[in-house]
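Please open the model in your viewer and keep the selection panel at hand. The stops below say what to select next and what is found there.

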Amino acid sequence: HVLVADGFAGRISVDPADLAPSALQLTVPVGSLKVDPPDARQALQLSGALDAGDRTELPDHMLAASPLDEAHYPRVTATLAGVSGQLPDVVVGLRVKIKAVEKVLSIPVHVELGPELLRASGEVELLQSDFGIEPYSRLLGAIAVKDRVRVRFTLVARAEAG
């Protein structure tokens with residue numbers, strides 16, 4: 001399955017000459033997550049299509065009390081815990097909070113800096129269970145989502161005016 005987060009907001013500050021004081025705050029509203037959009041499935045070359053029932057059931061299940069529990073934890077947050085290496089390829093320590101669990105993930109990130117634009121991309125694998133999420137399963141496990149998930153991201157930040 002694919003989850004697409006396109007309703008996120010954040011702030012980043014970075015000085016290419018000195019990465020130590022860099023900062024990042026990112027918030028993703030759980031309700032903005034889109035489950036298995038056809039264009040994202042196609043872009044990732046995932047086989048199969050979801051039937052109408054799954055299109056309704058999966059988002060409801062993923063946002064319900066068991067997996068992401070949107071009612072009690074409406075946001076996923078991430079803050080910078082540190083940066084090592086040199087641009088354009090760095091390792092970012094990212095403090096991620098999902099539900100009530102916070103973990104620091106070490107993520108290789110490729111950063112492109114322009115005069116008014118920053119683009120950061122990378123990927124990391126994590127276990128849902130590390131964040132208190134029980135992976136989706138039905139029919140006694142005949143249909144199930146793996147505990148290990150891959151998160152791929154591209155973040156684009158534009159310089160503030162002034």
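Accessible areas here come from the Shrake-Rupley method with a 1.4 Å probe, and for residues only the protein chains shown count as cover. With the whole protein displayed as a surface, the accessible area comes to about 10,200 Å², of which 54% belongs to carbon and sulfur atoms. This is a predicted model, in which local features need pLDDT of at least 70 and side-chain atom pairs count only at pLDDT 80 or more, while totals for chains, interfaces and linings use all residues. Residues are numbered from 1 along each chain as its sequence is written, and side-chain values use heavy atoms, with hydrogens and water left out.

Switch now to a cartoon. Helices (H or I, at least four residues) and strands (E, at least two) are DSSP runs, numbered from the N terminus. The protein has two helices and 11 strands, and from the N terminus on the order of elements is β-β-β-β-α-α-β-β-β-β-β-β-β. Of its 162 residues, 28% count as buried (under 20% relative accessible area, with exposed meaning over 50% and partly exposed in between; 1.4 Å probe, protein chains only). Among contacts (heavy atoms within 4.5 Å) between residues at least 6 apart in sequence, 51% join residues at least 24 apart.

Next, select strand β5 (residues 75-86) together with β3, with which β5 pairs in the antiparallel sense over five bridges; two strands pair if DSSP finds at least two bridges between them. Here Pro29 stands opposite Arg75 in β5. Add strand β6 (residues 89-98), which pairs with β5 in the antiparallel sense over nine bridges, and where Gly93 is the bridge partner of Gly82. The hairpin that joins β5 to β6 runs through two residues.

Move on to Ser32, in the loop between β3 (18-29) and β4 (33-35). Is Ser32 buried or exposed? At 15% relative accessibility, Ser32 counts as buried, and, leaving aside residues up to four places away in sequence, Ser32 touches Val4, Asp6 and Gly7.

The charged side chains come next. The structure holds six salt bridges (a side-chain nitrogen of Lys or Arg within 4 Å of a carboxyl oxygen of Asp or Glu). Select Arg11 and Glu160, whose side chains meet in one of them at 2.7 Å, N to O. Because Arg11 lies in strand β2 (residues 9-15) and Glu160 in the segment after β11 (148-158), the pair ties together parts that are 149 residues apart in sequence. Glu160 counts as exposed, at 55% relative accessibility.

Then show Glu125 and Arg150, which meet in a salt bridge at 3.3 Å, N to O. Glu125 lies in strand β8 (residues 117-127) and Arg150 in strand β11, so this pair ties together parts that are 25 residues apart in sequence. Extend the selection to Glu123, Arg148 and Arg152, since salt bridges that share partners join these residues with Glu125 and Arg150 into one network.

Finish at the surface with Ile12, Val14, Leu87 and Leu113, which form a nonpolar patch with about 280 Å² of accessible area together. Patches are made of residues with over 30% relative accessible area and no salt bridge, like charges being joined within 9 Å and nonpolar side chains (Val, Leu, Ile, Met, Phe, Trp, Tyr) within 5 Å. Leu113, found in strand β7 (residues 101-113), is partly exposed, with a relative accessible area of 38%.
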